[in-house]
Structure formats: structure tokens, C-alpha cells
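Reader: I have a new model open on my screen and would like some help finding my way around. Could you take my questions a few at a time?

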Amino acid sequence: SLSPGLATATPRQLTPSVREDQLNQADKMRKERERRREMQLRTRQEREQVKREDAGNPNWEIAKMIRVQRVQLENQPAKSGTAGDRVKGHQIVVCVRKRPLRRKELTDRELDVVSVLSKDTLVVHEPRKHVNLVKFLENHSFRFDYVFNEDCSNATVYEFTARPLIKHIFDGGMATCFAYGQTGSGKTHTMGGKFPGSQQSSMDGIYGMAARDVFATLKTAPYNSRKLSVSCSFFEIYGTRVYDLLMPGKPQLRVLEDGNQQVQVVGLTQNPVKNTGDVLELLEMGNSVRTSGHTSANSKSSRSHAVFQIVLRSETKDQLYGKFSLIDLAGNERGADNSSADRVTRLEGSEINKSLLVLKECIRALGRQSSHLPFRGSKLTQVLRDSFIGGKKVKTCMIAMISPGLHSVEHTLNTLRYADRVKELSVESMAPK
Ligand code: ADP
Ligand code: MG
């Protein structure tokens with residue numbers, strides 16, 4: 001119905017069409033008023049919700065600054081997402097995966113300080129203080145080959161990281177895929193699969209998905225006529241010691257280098273596998289041996305590198321054809337852990353730190369096409385030596401995992417800087433000279 005104000009202003013002598021116009025006009029204004037009222041109500045509700053959230057939250061100032069920053073970032077046009085084409089054919093691919101806040105973190109009102117802006121960029125909002133104690137945000141932006149946000153599934157991550165490497169091993173290449181990051185950032189979740197209960201569902205992880213695609217590819221031409229056999233190994237590197245995860249009792253193995261610089265893990269189980277089911281069985285066995293499950297900061301599995309390998313052999317030539325190594329690295333927070341009173345823990349930390357630094361140098365050397373690889377600097381790189389030499393026959397992918405929480409911001413920045421250093425040269429080496 002018409003609002004009273006307008007009704008009295010309507011002169012009687014007007015023609016029906018003019019009157020109709022006025023009715024329409026009035027209707028429009030009414031709708032506009034309703035829309036405005038609704039918006040005001042919504043803004044008020046939002047403001048109240050924010051107030052409720054901020055009430056009692058010691059970090060409400062930071063939370064507010066991050067909200068403002070996010071609105072500003074949203075209003076900037078996102079860079080075109082051509083990551084896919086850019087990455088195709090790269091020898092070294094470096095990606096980042098941000099996990100969602102955990103239930104415990106949500107109930108503790110942990111702040112999410114990581115914003116994924118596009119398929120290849122992210123910003124870390126680091127709270128800082130001026131000398132006069134006024135708080136401010138330092139926003140660090142990073143760019144990688146791919147950035148996966150908290151909504152991405154393991155399947156999506158797999159699609160852009162390990163999956164392209166399957167074809168590479170079938171073409172006779174060597175491939176590695178590393179999960180790097182702080183303990184609790186999602187390395188085991190990504191590589192080994194989700195934990196719906198206490199048991200890990202291996203089919204949902206990168207190990208399982210890679211195995212599935214290896215057997216699928218094996219059935220297609222031209223590979224089905226090449227007489228290739230598939231076997232798997234699964235071992236753990238703890239300090240400088242290597243343990244076979246596919247043998248009862250987890251025996252320690254020796255690493256030997258022969259005169260031709262061939263590195264051998266003596267006695268390592270190479271279990272023949274005929275289908276994905278066989279592989280999942282092996283994974284289950286290895287994981288149960290690996291003090292596995294959810295990794296707490298103190299659990300042993302966070303202090304060891306786990307290496308799962310899928311090996312293709314040519315039966316006719318009786319020789320190695322291709323190899324895919326998938327590695328769940330030790331937590332990278334150990335390097336900074338110098339405070340521990342326990343000498344063994346400190347030594348372990350420095351060993352992990354060393355192996356991760358050498359790993360970075362090896363990947364960088366690969367990117368430079370350098371013939372000098374410092375692989376002897378750690379047990380990890382030593383046993384992976386044949387996956388770093390061989391020029392174009394070698395491809396590698398690193399997935400840097402990050403926790404979104406405010407309390408992890410320092411580790412998150414360390415992880416991203418490390419990943420950035422790995423990528424730096426891989427980009428340079430692709431640029432035309
Ligand atoms: P890490 O192996 O790096 O120490 P985990 O893989 O054990 O970390 O993950 C720590 C916790 O976070 C686990 O409870 C895991 O289920 C959960 N988690 C990790 N990544 C994700 C994700 N992308 N989505 C949902 N939960 C995740
Ligand atoms: Mg883990």
C-alpha cells in the first residue's frame with residue numbers, strides 16, 4: 001500500500017498512467033527503505049557478533065586488524081590464476097597447503113593469521129609491536145607454484161603435486177615428493193590419509209592415490225607392453241639411523257656406498273605388489289610400526305623422516321626403470337629447539353635441522369643443473385641420491401604445510417621462507433638466459 005505521505009500529495013486530476021508511475025515510484029521507495037533497514041539490521045548483527053567474539057578475547061585488537069586487512073585485500077583484483085600453465089613441465093614444483101583450524105583451536109579462539117588470496121599467493125599477518133607498544137600487523141606475502149587453502153581436499157592437493165609425477169616415472173624418470181613443515185601442520189594427514197577414527201584411511205592420502213594411479217597407468221598403452229613390475233619399500237630415518245618399516249621388529253639397516261657411488265640400503269625390503277590393495281596393506285603395516293597416528297610435538301614420529309617408495313623394474317632387462325619416493329619429513333621446528341635441557345633431544349634437533357638444510361641445498365643444486373650435490377651431508381639425501389642425480393630424468397615436488405594459527409606464526413614464516421628459498425632458484429633456472 002502507499003505510504004501516507006505520498007498519498008496526500010497525489011493530485012486528483014492526474015491521468016491513470018501518471019498515477020501508475022507514481023505508484024511504481026512509491027513502491028520502489030518502499031522496497032529501497034526495506035532493503036536499507038535490512039542492511040542496517042545485518043550490519044548491527046554482524047557488529048554485535050564481532051563484539052561477542054572479541055569480548056574476552058585477548059587478541060581482539062589483532063583480530064580486528066586482520067579483518068580490516070582482509071577486506072582491503074578482497075577489494076584488490078586477484079592476479080590471474082595461470083599457475084597451471086606456468087608450472088607445467090617444471091622440474092621443481094613448490095606448493096603450500098594451509099590446514100583448517102582444529103576443533104581445539106576453535107574452542108580456544110585461536111586466530112587464523114593466514115589469508116590465501118589466489119591459486120598461487122598468500123599473506124601471513126604477523127602481529128608486531130612498535131617500541132611504544134602500539135600493536136600493528138606486518139603482512140608478509142608469498143608466491144608459490146600453487147597455494148591450497150583450508151577447503152582443499154587431499155585429492156586436490158594430490159592432483160597438482162604428486163599426480164603429474166606418475167607419468168614421469170613411467171617414462172623412466174625418478175621423482176620425489178616431500179611433505180615439509182612444523183609438527184601438527186598436516187604432513188601425515190596429506191601423505192598418509194585422514195584419521196576418521198584412530199585408524200588412518202590410507203586410500204585418502206597421497207601414498208594411496210599414487211599407488212592407485214601407478215596400477216591404472218600400468219594397464220594403459222604403451223606401458224602395458226613393457227613388462228614392468230612394481231614393488232614398494234617403506235623406511236624411517238631417525239637421526240642417522242635407518243629402520244625398515246616393512247619388517248617385524250623394525251630392524252636397523254646399514255647404508256653403503258659402493259665404488260660407483262651407488263648408495264645401497266642393505267637388506268631393505270622391496271615388497272612386490274600386484275594391486276592397490278597390496279600397497280594399502282603394506283602402508284598399514286608400516287604406519288603401525290612407525291609409532292604413527294596423530295603426531296604430538298613429543299611423539300617419535302615427528303622426529304623422523306618416513307620414506308615410502310614405489311619402484312618400477314623392467315623384468316626383461318632386470319634393472320631399475322623408474323622410482324617414486326614420497327617423504328613425510330620430520331617436523332622442522334626442531335631446528336629452533338635449542339632450549340631443551342635434554343642433550344639427546346638437542347642433538348636430534350640439530351641432526352634434523354642439518355638434514356633439512358642439506359635437502360634444500362640438494363634441490364637448489366638440481367635447479368641450477370649443478371653437478372655438485374652435497375648429498376653426503378645427511379642420511380636422508382644420501383639414501384635419496386639417485387633421485388637427485390640424472391639431470392632431466394629427475395623431478396621433485398615439495399608441499400610446505402602450514403598451520404593457520406597465531407601461535408604458529410613464527411614457524412609458519414620459517415616454513416614459507418624455506419620453501420621460498422627452494423623455489424627461488426627453480427624459477428631462475430627456468431627463465432631464458
Ligand atoms: P604432522 O604430520 O605435520 O605433524 P598431522 O598430519 O598429524 O600433522 O596433523 C595434525 C592434526 O591436524 C591431525 O589431527 C590431523 O587430522 C589434522 N589435520 C591436518 N591437516 C588437515 C586438513 N587439511 N584438514 C583437516 N584436518 C587436518
Ligand atoms: Mg606426522
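The questions below go through this predicted model piece by piece.

Reader: Happy to start with strand 7. Is strand 7 largely enclosed by the rest of the structure or left open?
Author: Strand 7 covers residues 228-238. Eight of its eleven residues are buried, so the answer is largely enclosed.

Reader: Which strand pairs with strand 7 over eleven bridges?
Author: Strand 7 has several partners, so let's take them in turn. With strand 12, residues 271-272, the pairing is antiparallel over two bridges, and there Cys232 stands opposite Asn271. Four bridges join strand 7 to strand 8, also antiparallel. The antiparallel pairing over eleven bridges, in which Ser233 has Gln309 as its bridge partner, is with strand 13.

Reader: Which residue takes a positive phi in the hairpin of strand 7 and strand 8?
Author: Strand 8 spans residues 241-244, and its Tyr243 is the bridge partner of Glu236. The hairpin has two residues between the strands. The one with a positive phi, near 65 degrees, is Gly239.

Reader: Now one side chain from that strand: is Val230 buried or exposed?
Author: Val230 lies in strand 7. Leaving aside neighbours within four places in sequence, Val230 is in contact with Val214, Leu218, Val273, Ile310 and Leu312. A residue needs 20 or more other C-beta atoms within 10 Å to pass the cut-off. Val230 has 20, so Val230 is buried.

Reader: How far apart are the C-alpha atoms of Val230 and Ile166?
Author: Along the chain, these two residues are 64 residues apart. In space, their C-alpha atoms are separated by 13 Å.

Reader: Let's move to helix 9. What span should its 13 residues have, and what do its end C-alpha atoms give?
Author: Helix 9 runs over residues 206-218, and its buried residues are Ile206, Tyr207, Gly208, Met209, Ala210, Ala211 and Val214. At 1.5 Å a residue, the helix should span 18 Å. The distance between its end C-alpha atoms agrees, at 18 Å.

Reader: Which helix gives the most to the largest nonpolar core?
Author: That core has 86 residues, and those touching the most other members are Cys95, Val96, Ala210, Leu326, Ile399, Ala400 and Ala419. The helix that gives the most to this core, with seven residues, covers residues 343-367 and is helix 11.

Reader: Which residues is Val96 in contact with, leaving aside neighbours within four places in sequence?
Author: Val96 is among the core residues that touch the most other members. Beyond its sequence neighbours, its contacts are Leu122, Phe144, Val147, Phe148, Ala400, Ile402, Leu416 and Ala419.

Reader: Which strands join strand 15, and in what sense do they run?
Author: Strand 15 covers residues 394-402, and eight of its nine residues are buried, so it is largely enclosed by the rest of the structure. Seven bridges join it to strand 1, with Thr396 the bridge partner of Ile92. Eight bridges join it to strand 6, where Ala175 stands opposite Lys395. The strands are therefore strand 1 and strand 6, and both run parallel to strand 15.

Reader: Why is one side of strand 2 and of strand 4 left without a neighbour in the sheet?
Author: These strands belong to an open antiparallel sheet of three, in the order 2-3-4. Strand 2 and strand 4 stand at the edges, so each has a single partner strand. For strand 4, the partner is strand 3, with nine bridges between them.

Reader: Which helix packs on that sheet?
Author: Within the pairing of strand 3 and strand 4, Thr121 stands opposite Arg143. The helix that packs on the sheet touches strand 2, strand 3 and strand 4, and its direction makes about 45 degrees with that of strand 4. It covers residues 60-74 and is helix 3.

Reader: Last one: where are Thr183 and Gly184 found?
Author: Both are among the positions that an unreviewed UniProt entry marks with the feature "binding site", a list that also includes Lys187. Thr183 counts as buried, with 22 C-beta neighbours inside 10 Å, and Gly184 counts as buried with 22. They are found in the loop between strand 6 and helix 8.

Definitions and conventions: Residues are numbered from 1 along each chain as its sequence is written. Chains are lettered from A and ligands numbered from 1 in the order in which they are written. This is a predicted model: local features need pLDDT of at least 70, side-chain atom pairs count only at pLDDT 80 or more; totals for chains, interfaces and linings use all residues. A residue is buried if 20 or more other C-beta atoms lie within 10 Å of its own, exposed if 12 or fewer, and partly exposed in between; C-beta atoms are placed from the backbone. Two strands pair if DSSP finds at least two bridges between them. A nonpolar core is a set of buried Ala, Val, Leu, Ile, Met, Phe, Trp, Tyr and Cys residues joined through C-beta atoms within 7 Å. Two residues are in contact if their C-beta atoms, placed from the backbone, lie within 7 Å. Axes are lines fitted to C-alpha atoms, for helices over the stretch in contact, and angles run from 0 to 180 degrees between N-to-C directions. UniProt positions are given in the numbering used here, feature names are shortened, and annotations may be inferred rather than shown by experiment. The expected span of a helix is 1.5 Å times one less than its number of residues.
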